[in-house]
Structure formats: structure tokens, C-alpha cells
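Reader: Could you take me on a close tour of one chain of this model, from its confidence through its domains to the way its helices pack? I would enjoy one connected account.

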Amino acid sequence: MSLTQEKCLKMYTDMWRIRLFEEEANRQTNLGNVVGTLHMYCGEEAVAVGVCANLRDDDYVLGTHRSHGHCIAKGAQSDKMMAELFGKATGTCRGKGGSMHVADFSLNMLGANGIVGAGIGPTTGTALASKIRGTDQVSVCFFGDGAAARGTFHEAIAMGSLWQLPVVYVCENNGYQQWVPRKNVAVVDSVADMAGSYSIPGVSVNGQDAIEVYEVIAEAVARARSGGGPSLIEARTYRFYGHSLGDEQQYRTEEEVEERKRNADPINILRDFMTERNWLTSADDDQVQQRAGDEITRAAKFAEESPWPEMGEVGTDVLFDAKEVA
Amino acid sequence: MTVMAFNEALREALHEEMARDESVFVMGEDVITHGGPYKVTDGVAEKFPGRIFETPIAEAGIVGLGVGAAMAGMNPVIEIMYLDFITCAMDEVVNQAAKMRYMTGGQASVPMVVRLPCGVGRLLAAQHSQIMESWFMHVPGLQVVVPSTPADGKGLLKTAIRSPDPVMFFEYKRTYTHKGEVPEGEYLIPFGKADVKREGEDVTVIAIGPMVQKSLEAAVLLEDEGYDIEIVDPRTLSPLDTETICESVRKTGRVVVCGEDSSFAGSVSEIAAMIAESCFSDLKAPIVRVGSPHVPMPFSAELVKHVVPEAANVVSAVNRVMS
Ligand SMILES: Cc1ncc(C[n+]2csc(CCOP(=O)(O)OP(=O)(O)O)c2C)c(N)n1
Ligand SMILES: [Mg+2]
């Protein structure tokens, strides 16, 4: 898939939709409407949009605890997502999952996940299913740098490589694992370097630059789709907020965060790229932001006005009704 | 006696045991940088340098290393950030730690404590709210400890650290901020010794973890109805103090067993079965269990309130055994 103005505009728009969705969710938390916690993706948007711009609707995506961006970039509706964060009956998971479990199976977005590293095996499994069925679907797994320490990473990638499955492993290396800098708990700096152990290509990209992500992923997706097997792509990125809401962030300085916001905001980087090519006027830019803002305002209103799940919902969806099986 | 919160009592126990015995060390995620989410390991790095290890996100590795270090004579105190993640280390707990002493004909000892923040806290849904006491009760070779107060937290953690066998130590998230009087210095609570948290004549309420506090609240409400409730806190589910429980049951003849976990095949079920077997002729009414329904924890606050048992559930259970 070659890079077009249209593609860029879509990525740029989706970054704004993600950014404003999260800022609104954060605001709704302060209002007491969103409960639990949020793992904010702000700052990392270029990874989700750069990856998903290469995917078809029927390609599979699995996410992490920090997956608002992955869901929106794969096409999830912001109003149903916001309703899920509120715990309303109209949410993507009918209020049963919340922020850490947003999923939309109609888009083959098989879910965010509360367990670090838990998506890597299942994504390799969706790829196995595609191989068995002989489809040309690609599976993409997002995971953090912390997840690369889990056995699931090693076990699943080893099989993905063994059977040359159509999967792209996308590590979002934001340099932190909850409240710990990666360097305190990992010897290998670049997760891409670990690809060699599985004899698959490993590439590290600047995860703040949607274009760079897009191009490297395009190659990995093409390889996977044509039977060339898995790749491991590390996107070096940065989260602008704390690990989750309420994080005091004693492990990093305010200067560091401010510097990244100033120099590595993925929205600014893509805007500059498009402006240079005359692909985005300031009027276009205003319109993108205006539309995204309106959409998110409507999403919040939808969530607020939606009904709560009924008490009987507590006991539904635990199992499929067995009477219909035998 | 000093008044302190549950997490402070645990921290005190940990610090005291580390000062007492150089083989005690700490391992877990975020235990240095943040002192763990509940600050139980706060200050350890400063006071006991070289005896606290902040790990990668690798639960199987963490517990696996713990088993080995324990067999080599150390006393690891492991923090699993949320109990739910212990499922990532089930081989290490169930096939390794629990079986070693038996399989080696008594040669091996695995003096390891696995601390497990559990239950509902902030609303974080199905993968961050579980309890699983009965999973580990079912495994011979493990000890299952569930403190309900700051004092019990301190006394039981100190005993756990000195125990020569693995301990699954349950810390209910909602209990961390509860305050209570805690004895200073050397204070140990033996395993297999239940505590009568309130004496009464009419009904025995056996309460686990946070249900102790909720049962105490229920007892006050039930006073108005003229019922005098006895509350027994087993404190350790394995070993289980059947004697103290049965003594109370023989006195009252009516039993309610309360836990926050699902009562289906749950910790309360073992206690209810034990009572039915040992005290059948003393019972004046069928035993009633209080627990959550057999469902994963939902996210929506609106649904959660129908899952987690509260004092009102204890009140209605007592009314049932009295009617
Ligand atoms: C198996 C497991 N262990 C621990 C946790 C708690 N936890 C949630 S997110 C997180 C840090 C994850 O770091 P990383 O994978 O780098 O993702 P990031 O948060 O940086 O996006 C931890 C330790 C968990 N959810 N699952
Ligand atoms: Mg990270």
C-alpha cells in the first residue's frame, strides 16, 4: 500500500480522534462518570494509526491494557467505546469490560487485555487460523516493552516463526513498565534485537513518526500476507501521561515529559510532513480538529444518556446457553 | 499498641523480619521504584540494600526463582502485583513449590511467601479483581493465609516468613487502608488458630477476610432484631482450625459462612461441608453461605454492586438461619 494524501489525512484524523477521545475520557473521570482507571495512549498515537492504516477490516488485531488508540485506529466507534468506559449497557462490551477490555469483534479487534503479554499467543493463534483456512488475513499484536519479558512472548513467537504464520508483532517500547524505567529491569534495550532468536526480521522505528511506522509495517504486512512469515517491529515511543490515572510519576522528570511533548508529539510530526507537501492547509487542519471534537462530544453525550446495564446482566455471557448445543 | 493501617502493619512485619533474619529478601514488580502499588515494600531498598529485587514482568520467572532460592536456604517474600497474575506462575506454585517437600521425601523445604493483593479495589473488571482462595486450599503443600485486620496482618505475615513451607498470603485491596491497633515488636499468630472476633449466642458467622468487618457491621444491625451474633475469623484457610469453628457451632447451632469470593466450590464451601460433616446433630437449621455469584467480576459499577457481598447479605443470611 503506497502512501497517499488520503492515507495521511486518515492517519492524521485518527490521531486527533484518539487524542480527543482520551482527553475527554480523562475529563469524564474527573467528573466521576468514568470509573476504574485509564491507561492513556496520548503520545503513542502514531503507532496505532501507522499500523492500522496498513490493515484490512478482516485483519486481526489484539491489544494491551493501553488500547484506546488501537481500537479507534482499527475502526471502533468512539460512542460505544465511551459508553463502555462509563460502564453503560450500550458499550462495546455492554459495560462488562471497561477501558482495559474494549473489543469489537465486528472489526476483528479481538480486544484490549488486562494481562501484560497475554495477547501475543492469541494473535499467533488467529494467524494460525488464517493459515489453516487458507485466507490471506494478517494478524497484528500490539504489546508493550514490558511484555517482552514474559514467557508468552518467547513461546508464541517461536511458534509463529516455526510455522511461518502471517503475523506482525508490534512492540510499543515507551521506555517504561508501569513505574519502572525499562533500563532498570531489562538488559536488552531494543526489543527488535530479540527477533534474531526466532530467525525473523526485527526492525526498530521511530514510533513518533506515523510515516516511518506506516512504511515499515507496510513491508511486514506484505510479507505476512504473501506467506513470508512473521516480523517483529519495535516502535520507540513515549507516553505523555503517567502509567495510569493518578500516577505521581516520581520515576521521571517533568522536564523530560515537556521536552517530549514539545519535540516528539506525533500529531505535530505528521502535520509538518503533510504541510510540507501541501497535503494539509490550516483550514483543513481546523476542520479535522473540529470534526474530531464534535464526534467526541457526541460520544460523551451518548455515553452519558445511555442506560445502565440491568441487574440480570450480571449472570449473562458467562457461558453460551448449553441447551442450544446438546 | 500502635494504631496503623493494614499496609503499614504488613510493612512493619516485613521490616522486622528482614532485620531479624538475613535470609529474608523481597522480589516483585515495582517493589523498589514505587514500593509496590500498596507501598508494603516501601523503605526496604534503603534499609536493606541488596535484599530487594525489582523484576521484569515475568511472574513465572519470579516465582520460579523464589522456589530455587528457598530450596537453597533463603526466605523470599514475593509480591505478585495483583493476585490475578499468579495464574501466570501456576506451575511454579502448584507443581514446584507445593510438591517439593513431599516428592523429595522431606529433603526439600520451600520457605517462600507469595503476597497476593486480591479482590475488588478500584473497578478494574474480570482480570484484576479475583480471589481464588479455594484454588490454593485445594493444593496440599500450600498454606493459605487471609488476614482481616492490621494486627492479624502483622502477626500472620511474621509467621508466614518464618514458616518452612510455602505460604499464599492474601491481602484484600480494600483492606489496605483499614486502621487498627497493632502490637509492637515480636507478635506472631500461629497458623491454624481461628479468632473469635465477636462473641454471641444465637448464630455463628464464619467470616473470611473483608467479610469479618462486614459481619461486625451486620452484627450491630442484627442486635436491633434481637439476635446475638458470634463471628469467627479462621485467619488461615489451610490449615483450618476446625476445633474453634465447631466449638462455636455446637454453642449456637446456626451457621452462616461468608466470603467475598464466589461460594461455588469456594473457600466457604469447604468450611460449610466440614461443619455439616462434623456438627450435623448440633445444627438447628441448614447452613447458609454468603459469597458472590459464580460470575467473573463485571466492570460496570452498576453490576459490581450485585456481585460483591456486603453487610446486608450477612443480615439476610442470619435472618434465614433464624427463621
Ligand atoms: C502478567 C501481568 N503482570 C503485571 C501486570 C501489571 N501491569 C499492568 S501494565 C504493566 C506495565 C506494562 O508495561 P509495558 O508492557 O511496557 O506497557 P506500557 O504500560 O508501557 O504500555 C504492569 C506491570 C499485568 N497487568 N499483567
Ligand atoms: Mg512500556
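Author: Happily! This is a predicted model, and chain B averages a pLDDT of 98, with 100% of the residues scoring at least 70. The model as a whole has an ipTM of 0.95 and a pTM of 0.97.

Chain B is divided into domain 1 (2-182) and domain 2 (195-322). Their C-alpha centres lie 26 Å apart. Across the boundary, 23 residues of domain 1 of chain B are in contact with 24 residues of domain 2. On the domain 1 side, the elements giving two or more residues are α6 (133-137), β6 (143-145), α7 (150-162) and β7 (167-172) of chain B. By class, that side has 14 nonpolar, 6 polar and 3 charged residues.

Now for the interior. The largest nonpolar core has 198 residues, and among those with the most contacts inside it are B:Val114, B:Val256, B:Cys258 and B:Val318, along with A:Val168 and A:Val170 from chain A. Helix α1 (residues 5-30) of chain A gives the most to this core, with 9 residues. Domain 1 and domain 2 of chain B both give residues to the core, so it lies between them.

B:Val114 is a good place to zoom in. Leaving aside neighbours within four places in sequence, B:Val114 is in contact with B:Val63, B:Ile78, B:Ile80, B:Ile86, B:Val93, B:Val167, B:Met168 and B:Phe169. One of these partners, B:Val93, also belongs to the buried set of helix α4 (residues 90-97) of chain B, together with B:Glu92, B:Gln96 and B:Ala97. Those four cover an arc of only 120 degrees around the axis, which puts them on the same side of α4(B). They pack against α3 (59-71), α5 (100-103) and β5 (113-118) of chain B.

Helix α9 (residues 242-252) of chain B can be read in a similar way: its buried residues are B:Ile245, B:Ser248, B:Val249 and B:Thr252. Here the arc is only 100 degrees, so these residues sit on the same side of α9(B). An α-helix has 3.6 residues a turn, so residues three or four places apart point the same way. The buried residues of α9(B) pack against strands β9 (195-198), β10 (203-207), β11 (229-233) and β13 (255-262), and against helix α10 (267-278), of chain B. Right after the helix comes B:Gly253, whose phi is positive, near 75 degrees.

Finally, a look at the partner chain: 34 residues of chain A are in contact with 28 residues of chain B. The chain A side of that contact has 16 nonpolar, 15 polar and 3 charged residues.

Methods. Residues are numbered from 1 along each chain as its sequence is written. Chains are lettered from A and ligands numbered from 1 in the order in which they are written. This is a predicted model: local features need pLDDT of at least 70, side-chain atom pairs count only at pLDDT 80 or more; totals for chains, interfaces and linings use all residues. A nonpolar core is a set of buried Ala, Val, Leu, Ile, Met, Phe, Trp, Tyr and Cys residues joined through C-beta atoms within 7 Å. A residue is buried if 20 or more other C-beta atoms lie within 10 Å of its own, exposed if 12 or fewer, and partly exposed in between; C-beta atoms are placed from the backbone. Domain bounds come from an automatic or database domain assignment. Two residues are in contact if their C-beta atoms, placed from the backbone, lie within 7 Å. pLDDT is the predictor's confidence in each residue, from 0 to 100. Ala, Val, Leu, Ile, Met, Phe, Trp, Tyr, Cys and Pro count as nonpolar, Asp, Glu, Lys and Arg as charged, and the others, Gly among them, as polar. The arc is that of the directions from the helix axis to the C-beta atoms.
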